[in-house]
Amino acid sequence: MAHSPDKSMAQAIPVYAADHIRVVNGANLGDPLGFADELMPDDVYALTPHATRAILSLEPVGDHYIVAAHSAAGVPGQSVFLDSTVTFMSGDGQTQEAIVLVAVDDTGCVAEAWALPLAPLYPDVDYVLVGCDRSTARQKFAQVACVSFTRGTHITLAGGAQRPIEELSVGDRVLTRDDGPQEVRWIGQATTRATGEFSPILIRAGALNNSRDLVVSPDHRLFIYQRRDTLGAGRSEVLVRARHLVNGRDVVQVEGGFVDYFQLLFDDHQIIYAEGIAAESLLVDTRTRQALPQDLAAGLSVHDGSLREAYDVQESLLRHPDTVDMLRRSTRG
């Protein structure tokens, strides 16, 4: 049976065209980054002088993706597959991973390839290829999409008490906004470098009437009830991505070192309370499902995404320099 694209689950990722990452020394001199079968260990890669990232928007279809109609990169409708995870090492001994994605045309021939860096790549830096793994690309891609809280985040339990997320256990009852007390189904944990676009967002205490600092992954969405529609979103209840609130003052992106990310999964996509802020739990979709243990994923259905689609606020509505102040005033009782 043919699968239809799920437009409510579209994912936008910042990628380099593979042509913009080329071998500057080694067996494949001059060649762009390619598929796992074509790569040679110890080849040295560098960004081309005019390399820029573009936004590739993907929609899940069955076991792969297609380029979305509004995508800035790629040809809409082309199938996209995750080829491999490559690991580079720079001269200072730091490692950087990137996921290689491949688009194919209607005849099955390769049309285009991209690299999704999981840590920043810099011009004028040589990167030695030290690893290529075809088995981890789907999981790595899923982990990027998982909304996560950081170690130390206090989660409100069913009885009103607050507990650090790292002290929660499967079966603990957490207070949800819409369905009352709900049991935690799964807790995920991953440690990653806090670099580039994937470094966490710090929402300082009081910025959104939160009791303490809240640190979350960049695309984690916060649920905000406005007493009046300050944003002009057409509704009082909205979901806002943390990265879209960064203002350099009370909401900032924090780079450096490593960060421990935790994911909370319930039977349904929920709004829970973290440091007094209403925020979403992990949404199981075609992409994030790959981050779950295999036995758990097999018994879960993909969430319908209605909460994502109905409440999401477009970034264009959040570009006012005083957005955070406006939201804080609007939500204050």
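A residue counts as partly exposed when its relative accessible area falls between two limits: under 20% is buried, and over 50% is exposed. Keep those limits in mind, because they sort many of the residues below. The model is predicted.

Start with arginine 22. Its relative accessible area is 29%, so arginine 22 is partly exposed. Its side chain meets that of aspartate 19 in a salt bridge, at 3.7 Å from N to O. Aspartate 19 has a relative accessible area of 43%, so this residue is partly exposed too.

Now move along the chain to asparagine 28. Asparagine 28 sits in the loop between β2 (21-25) and β3 (44-47). Is asparagine 28 buried or exposed? Asparagine 28 is buried, because its relative accessibility is 16%, and the limit for buried is under 20%. Leaving aside residues up to four places away in sequence, asparagine 28 touches Val23, Glu38, Leu39, Met40 and Asp43.

Next come three strands. Strand β4 covers residues 54-61 and pairs with β5 in the antiparallel sense, over four bridges. Proline 60 stands opposite tyrosine 65 of β5. The hairpin of β4 and β5 has two residues between the strands. There, glycine 62 takes a positive phi near 60 degrees. On to the next partner: β5 and strand β6 (residues 79-89) run antiparallel and are joined by two bridges. Here tyrosine 65 stands opposite valine 80 in β6. Tyrosine 65 thus has a residue opposite it in β4 and another in β6.

Look at the two faces of β5, residues 64-67. In a regular strand, side chains alternate between the two faces of the sheet. His64 and Ile66 are on one side, and Tyr65 and Val67 are on the other. Which of these residues are buried? All of them are, and both faces of β5 are covered.

Turn to the nonpolar cores. In soluble globular proteins, nonpolar side chains tend to be buried together. The largest nonpolar core in this model has 32 residues. Those with the most contacts inside it are Ile155, Ile203, Leu208, Leu222, Leu245 and Leu264. Several elements each supply at least two residues of this core, including β16 (201-203), β18 (221-225), β21 (258-265) and α4 (323-331). A second, separate core has 21 residues, among them Leu39, Tyr45, Phe88 and Val100.

Take a closer look at isoleucine 203. Not counting residues up to four places away in sequence, isoleucine 203 touches Leu208, Leu214, Leu222, Val251 and Ile277, among others. Its contacts also include Asn210, Arg212, Asp213 and Asp250.

The aromatic rings come next. The structure holds three aromatic pairs. Ring pairs link Tyr45, Phe88 and Tyr127 into a cluster. Two residues of this cluster, Tyr45 and Phe88, are also in the second core. Elsewhere, the charged end of arginine 287 sits over the ring of phenylalanine 141, 3.7 Å from the ring centre.

Now find helix α4. Seven of its nine residues are buried, so α4 is largely enclosed by the rest of the structure. Which residues of α4 are buried? They are Thr323, Val324, Asp325, Met326, Leu327, Arg328 and Ser330. The buried residues of α4 pack against β18 and β20 (251-253). Two of them, Asp325 and Arg328, belong to a network of salt bridges with Arg249 and Asp250.

How many salt bridges does a search of the whole structure find? The search finds 16. One of them joins the side chains of glutamate 275 and arginine 212, at 3.0 Å from N to O. This pair links distant parts of the chain, 63 residues apart. Glutamate 275 lies in the loop between β22 and β23, and arginine 212 in the loop between β16 and β17. Glutamate 275 is buried, with a relative accessible area of 2%. Arginine 212, at 37%, is partly exposed.

Finish with arginine 243 and aspartate 219. They form a salt bridge in which the closest N and O atoms are 2.9 Å apart. Arginine 243 lies in the loop between β19 and β20, and aspartate 219 in the loop between β17 and β18, so the pair ties together parts that are 24 residues apart in sequence. Arginine 243 counts as partly exposed, at 24% relative accessibility. Aspartate 219 is also partly exposed, at 28%.

Technical notes. Residues are numbered from 1 along each chain as its sequence is written. This is a predicted model: local features need pLDDT of at least 70, side-chain atom pairs count only at pLDDT 80 or more; totals for chains, interfaces and linings use all residues. Side-chain values use heavy atoms; hydrogens and water are left out. Buried means under 20% relative accessible area, exposed over 50%, partly exposed in between (1.4 Å probe, protein chains only). Two strands pair if DSSP finds at least two bridges between them. Contact means heavy atoms within 4.5 Å. A nonpolar core is a set of buried Ala, Val, Leu, Ile, Met, Phe, Trp, Tyr and Cys residues joined through side-chain atoms within 4.5 Å. Rings of Phe, Tyr and Trp (its six-membered ring) pair if their centres lie within 6.5 Å; planes under 30 degrees apart count as stacked, over 60 as edge-to-face and the rest as tilted. A charge sits over a ring if NZ of Lys or CZ of Arg is within 6 Å of the ring centre and within 35 degrees of the ring normal. A salt bridge is a side-chain nitrogen of Lys or Arg within 4 Å of a carboxyl oxygen of Asp or Glu.
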